[in-house]
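Let's take a relaxed walk through one protein model. Have a look at it first, and then we'll go over a few spots together.

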Amino acid sequence: MRLMQHKREAYWFYRYLSNFYDKLVNPLFWTEPMREKALDLADWSGGELLKVVDVGSGTGFTTQGIARRVPAKNIICVDQSPEQMERAMVKPDLDDCRFRLGDAERLPFADDTFDRYVSAGSIEYWPDPQQGVFESYRVIKEGGQALLIGPIEPVNPISKFIANAWMLFPPEHEYHGYYERAGFKDIRYTYIRPHWQENERYGIAIIGTKPAPGRSPAAPQRGSHALVEADPEGGWLGRNLLLTGRLLAGSLAGFLFIPMALLAHVTAPLRGVEGEVQPLNREQKAVLYGLGAVTAFFVLRAIFRKR
Ligand SMILES: C[S@@+](CC[C@H](N)C(=O)[O-])C[C@H]1O[C@@H](n2cnc3c(N)ncnc32)[C@H](O)[C@@H]1O
């Protein structure tokens with residue numbers, strides 16, 4: 001498994017990432033136009049009556065899009081990170097939502113509870129993504145829809161290497177496989193990408209309809225998968241050394257993506273990449289200027305050393 005495709009690693013990662021997640025991560029990798037396109041795949045008619053669960057809801061960015069379609073009081077947010085959830089809880093448009101700490105692979109709800117299931121950008125961290133999809137199937141009602149949004153394995157070899165070392169970026173066919181194995185019907189999908197990304201297949205939003213009540217016929221018996229607390233890897237010391245190592249390396253891999261994406265963002269017009277340009281915010285500009293200053297320092301040092 002990848003550095004961050006573990007529940008405890010993801011939990012600790014978001015303890016500090018939540019501080020700048022809304023400023024540096026979403027505006028680059030999961031933008032409003034992407035969110036709107038993905039959410040439009042679901043049927044939101046009769047929104048007043050739809051009960052929705054947003055799994056891996058984080059700081060509530062996707063929830064805010066859902067709240068444009070159904071009343072916030074009909075939405076329940078689930079995340080395993082209290083730090084991320086606290087940031088969502090103070091957003092005024094999410095005042096009426098309900099919040100529950102919980103695990104995507106073991107949702108704290110009865111079978112056949114919701115009309116819509118949404119999960120955006122969370123599958124990357126799930127040790128057992130098929131189990132997460134079985135859970136999406138289980139908690140929605142017959143005729144309900146489950147919408148899963150996630151990244152597709154990059155094509156660029158350097159990005160692919162970093163992505164695969166970092167967390168789960170499933171190849172596209174795996175998303176279809178998760179849904180087909182779970183037993184969803186009427187499976188549809190669309191591709192999403194930020195404006196700076198030339199690859200049309202950067203991310204996928206996939207949706208399926210539950211054909212019959214109850215659990216997925218293919219799901220394992222209840223309780224046969226591990227909880228966060230019951231992660232079985234090694235003894236206390238070994239496990240914590242592993243956690244620290246993965247967290248440091250995983251954070252480094254993650255932070256490489258931010259300057260790479262910022263450079264791609266500013267060079268998009270030069271590269272002829274078409275798309276609605278999103279203006280950079282103050283924090284993104286600060287990272288970019290910092291990057292420029294460090295590069296200038298090393299270039300000037302190299303020049304003066306040669307003399
Ligand atoms: C990239 S963020 C996406 C947040 C949000 N959906 C959005 O659109 O901005 C991923 C979120 O998934 C959560 N997460 C990761 N693994 C999880 C799990 N097993 N159960 C519940 N939440 C999980 C993380 O805590 C984090 O808040």
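Is aspartate 186 buried or exposed? With 10 other C-beta atoms within 10 Å, aspartate 186 is exposed. The labels work like this: a residue is buried if 20 or more other C-beta atoms lie within 10 Å of its own, exposed if 12 or fewer, and partly exposed in between, with C-beta atoms placed from the backbone.

A quick word on the background. This is a predicted model, where local features need pLDDT of at least 70 and side-chain atom pairs count only at pLDDT 80 or more, while totals for chains, interfaces and linings use all residues. Residues are numbered from 1 along each chain as its sequence is written.

**Two aspartates and a methionine**

Most residues other than glycine have a negative phi. Aspartate 186 has a positive one, near 50°, and aspartate 112 has a positive phi too, about 55°. Here is where the two sit; helices (H or I, at least four residues) and strands (E, at least two) are DSSP runs, numbered from the N terminus.

| Residue | Phi | Place |
|---|---|---|
| Aspartate 112 | about 55° | loop between strand 3 (98-101) and strand 4 (114-120) |
| Aspartate 186 | near 50° | strand 6 (residues 185-192) |

Aspartate 112 is partly exposed, because it has 16 other C-beta atoms within 10 Å. Methionine 89, in helix 5 (residues 82-89), is also partly exposed, with 15 C-beta neighbours inside 10 Å. Its C-alpha atom is 8.0 Å from that of glycine 60, although the two are 29 residues apart along the chain.

**Two helices that cross**

Now find helix 6 (residues 129-139) and helix 8 (residues 172-182): their axes (lines fitted to C-alpha atoms over the stretch in contact, with angles from 0 to 180 degrees between N-to-C directions) come within 9 Å and cross at roughly 50°. That makes helix 6 oblique to helix 8; angles under 35 degrees count as roughly parallel, over 145 as roughly antiparallel, 65 to 115 as roughly perpendicular and the rest as oblique.

Which residues of helix 6 meet helix 8? They are Pro129, Gln130, Val133, Phe134 and Tyr137, and they meet Tyr178, Tyr179, Arg181 and Ala182.

**Around tyrosine 117**

Leaving aside its neighbours within four places in sequence, tyrosine 117 is in contact (C-beta atoms, placed from the backbone, within 7 Å) with Val53, Val55, Ser136, Val139, Ile140, Ala146 and Leu147.

Methods. Two residues are in contact if their C-beta atoms, placed from the backbone, lie within 7 Å.
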